[in-house]
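Morning, everyone. Please have a look at the model on the screen, and I'll walk through how its pieces pack.

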Amino acid sequence: MNFEDEVRRRRTFAIISHPDAGKTTLTEKLLLYAKAIHLAGSVKAKRAARSTISDWMKIEQERGISVTSSVLQFNYDGRALNLLDTPGHADFSEDTFRTLAAVDSAVMLMDHAKGVEPRTLKLFEVCRMRRLPVVTFMNKLDRYGLHPLELVDQVRDKLDLEVAPVNWPLGMGTDFKGLVNLATREIILYESEGRHGSEIVEAERASFDEAESLVGAEAFERISEELELIEDAGDAFSRERFLAGDVSPLFWGSAMSNFGVEELLSFLAKEAAPPGPRITEAGEEIKPNEDRFTGFVFKIQANMNPRHRDGIAFMRVVSGKFERGMDAVIGRSKEVLRLSKPHTFMAQERSLVEKAWPGDIVGLYNTGKLRVGDTLSNGSGIKFAGIPRFAPEHFGQLRLEDPMRRKALDNGLEQLSQEGVIQLFFTPGQGRQNPFLGAVGILQFEVLKERLRNEYKISVIFQKASFSRARWVGGEPEGLEWLRATHGYRVVEDRNGLPVVLTDSNWNLSYALENAPGLELYDVEPL
Ligand code: G4P
């Protein structure tokens, strides 16, 4: 296969969802249908086994969760799919957001009994910012949920996103009969005996004429009306609009009983976005099929062994061909790095990789030279526009158990913040002393404490701060002055010396915007 074909057949995507919507289940079923695993149940089992054997982080063991996200690569229908998993626990972190910088499409998974939940909304906002194409999957149809039309309205209203249903459910819960393909009007029959779907189920099909006998006259009439309504509403699917992030194709199913998964998988393989270009800091667009190799680091997984400060840097290949053992320049430091032990990932098994193409994720052995956001390239050492940081929602400060360790703490915090574990905010005039820590997810503080203890031998006491909102400050200087002078707002500086306001409510943010002259506030770091 030539280079262009390799690029064209790649699909790099992530699943975004609120906890418990079924992300783990769906991931596993996608792997099952892609024949990458033979029996569902193994991902979870493996995850559990892994966290007791090799996960270095004690909190992972204590809580039985996997804090770090993983990458799964598998083939389907001639396409190479890279699925970037985001942390599966109830908490989440900046890693989750950053993962979305490395994909070309996202699957937005929802529990159809819950609809758009807070985490769905947040993650979707990041997708929108990146103009990522989003495929929607409504899960758990084997249970009762909201009315399908209500769900469509929710997505339109809460996310301001057009949806184009690809299929439509015939009933739900114990009355769930199957899905109608809206283009062909073919019905895929739901196998209610479908157990808990550890193996592939060959779905039976029927024509639309049979729908009435399946669901009964009354339900048939209702569904026919629904179908008419959605066809009239006319958010028709077009690939261009989907790829531009303007319309989201909508699928329904039950991941647990394997239903509707194949339709989703085959859509992803066929229609999801192929690897896209990336923009450099200098404004140059680097296309995937350029000769020169480029990539960027979107995530760093800390060491498995607490005695070493090495770890794995996850790099997304942007252009050119990656080959094991090649030399690459780090754009930030201009250091040359030999990429000698690259890994790819299959169902969380790591294996050495010889070659990788745009869209692929490669795990690089990191001795501390790489940071999140770094660009690697052969040649002159370009830099891609950075991965922005997102406004944290949890804040605190650290108190040292042994005050003599202040220097070591400053050092540790600096390194861990560069790695992206935590954000630091400094009080103007106080140098790097006693910064505020900010995190998108509360668990990040525990990760920080644990790593300070294990890797830097520093014990700290975490003190929660009362802030719950942070915004980068822009606009007129008078706006900033207003914030400095007004009770209820604390102005600090981020890693680059940019002003950030900390406060404790959305109300305060709106009040500032209304009253501070010329003030602008951003919830993403200006780059
Ligand atoms: P997450 O990664 O998004 O957090 O969700 P996960 O897949 O772990 O699923 C959350 C719960 O929802 C699990 O139940 C899972 O079995 C269930 N689930 C997933 N898909 C479906 C579906 O299509 N239909 C129904 N009815 N349930 C579904 P649990 O009781 O928390 O765990 P388990 O005991 O099943 O492992």
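**Helix packing, sheets and one buried loop residue**

Let's start with a helix pair. Helix α2 (residues 23-33) packs against α11 at an angle of about 75°, and their axes are 10 Å apart. Axes here are lines fitted to C-alpha atoms, for helices over the stretch in contact, and angles run from 0 to 180 degrees between N-to-C directions. α2 and α11 are therefore roughly perpendicular to each other. The cut-offs: under 35 degrees is roughly parallel, over 145 roughly antiparallel, 65 to 115 roughly perpendicular, and the rest oblique.

Who makes the contact? On α2, Leu-26, Lys-29, Leu-30 and Tyr-33; on α11, Val-261, Glu-262, Leu-264 and Leu-265. Contact means heavy atoms within 4.5 Å. By class, the α2 contact with α11 has six nonpolar, no polar and two charged residues. Ala, Val, Leu, Ile, Met, Phe, Trp, Tyr, Cys and Pro count as nonpolar, Asp, Glu, Lys and Arg as charged, and the others, Gly among them, as polar.

A word on provenance. This is a predicted model: local features need pLDDT of at least 70, side-chain atom pairs count only at pLDDT 80 or more, and totals for chains, interfaces and linings use all residues. Residues are numbered from 1 along each chain as its sequence is written, and side-chain values use heavy atoms, with hydrogens and water left out. Helices (H or I, at least four residues) and strands (E, at least two) are DSSP runs, numbered from the N terminus.

Now stay with α11 and step back into the loop before it. Ala-255 sits in the loop between β11 (247-252) and α11 (261-271). Is Ala-255 buried or exposed? Buried, because its relative accessibility is 0%. Buried means under 20% relative accessible area, exposed over 50%, partly exposed in between, with a 1.4 Å probe and protein chains only. Which residues does Ala-255 touch, leaving out those up to four places away in sequence? Thr-25, Leu-26, Lys-29, Asn-139 and Val-261. Leu-26, Lys-29 and Val-261 also appear in the α2 contact with α11. There is a long-range partner to note as well: Ala-255 and Leu-141 are 114 residues apart in sequence, yet 8.8 Å apart in space, C-alpha to C-alpha.

β11 takes us to the sheet. Seven strands form an open sheet in the order β2-β3-β1-β4-β5-β11-β6, with mixed pairing. Two strands pair if DSSP finds at least two bridges between them. The edges are β2 (71-76) and β6 (162-165), each pairing on one side only. Neighbouring strands in this sheet are turned by 30° against each other on average, direction ignored. At the β2 edge, β2 and β3 (residues 79-84) pair in the antiparallel sense over six bridges. Val-71 stands opposite Leu-84 there. Helix α6 (residues 118-129) lies across β1 (10-17), β4 (105-111) and β5 (134-139), running at about 145° to β1.

Next, a second sheet. Four strands form an open, antiparallel sheet in the order β7-β8-β9-β10. Its edge strands are β7 (167-170) and β10 (204-206). Inside it, β8 (residues 178-181) and β9 (residues 187-189) share three bridges in the antiparallel sense. Val-180 faces Ile-187 across that pairing.

Back to helices. The axes of α7 (residues 148-159) and α9 (residues 217-233) come within 11 Å and cross at roughly 25°. That angle is why α7 and α9 count as roughly parallel. Pro-148, Leu-149 and Arg-156 of α7 meet Glu-226, Leu-229, Ile-230 and Ala-233 of α9. The classes are five nonpolar, no polar and two charged.

Further along the chain, strand β14 (residues 294-301) is mostly covered, with eight of its eight residues buried. Seven bridges join β14 to β15 (residues 311-319), and the two run antiparallel. Gln-301 stands opposite Ile-312 in β15. β14 also pairs with β23 (residues 375-377), antiparallel, over three bridges. There, Phe-296 stands opposite Thr-375.

Last pair. α12 (residues 406-419) and α13 (residues 443-456) have axes that come within 11 Å and cross at roughly 120°. α12 and α13 are therefore oblique to each other. The contact of α12 with α13 has six nonpolar, two polar and two charged residues. Gly-412 and Gln-415 are among the α12 residues there.
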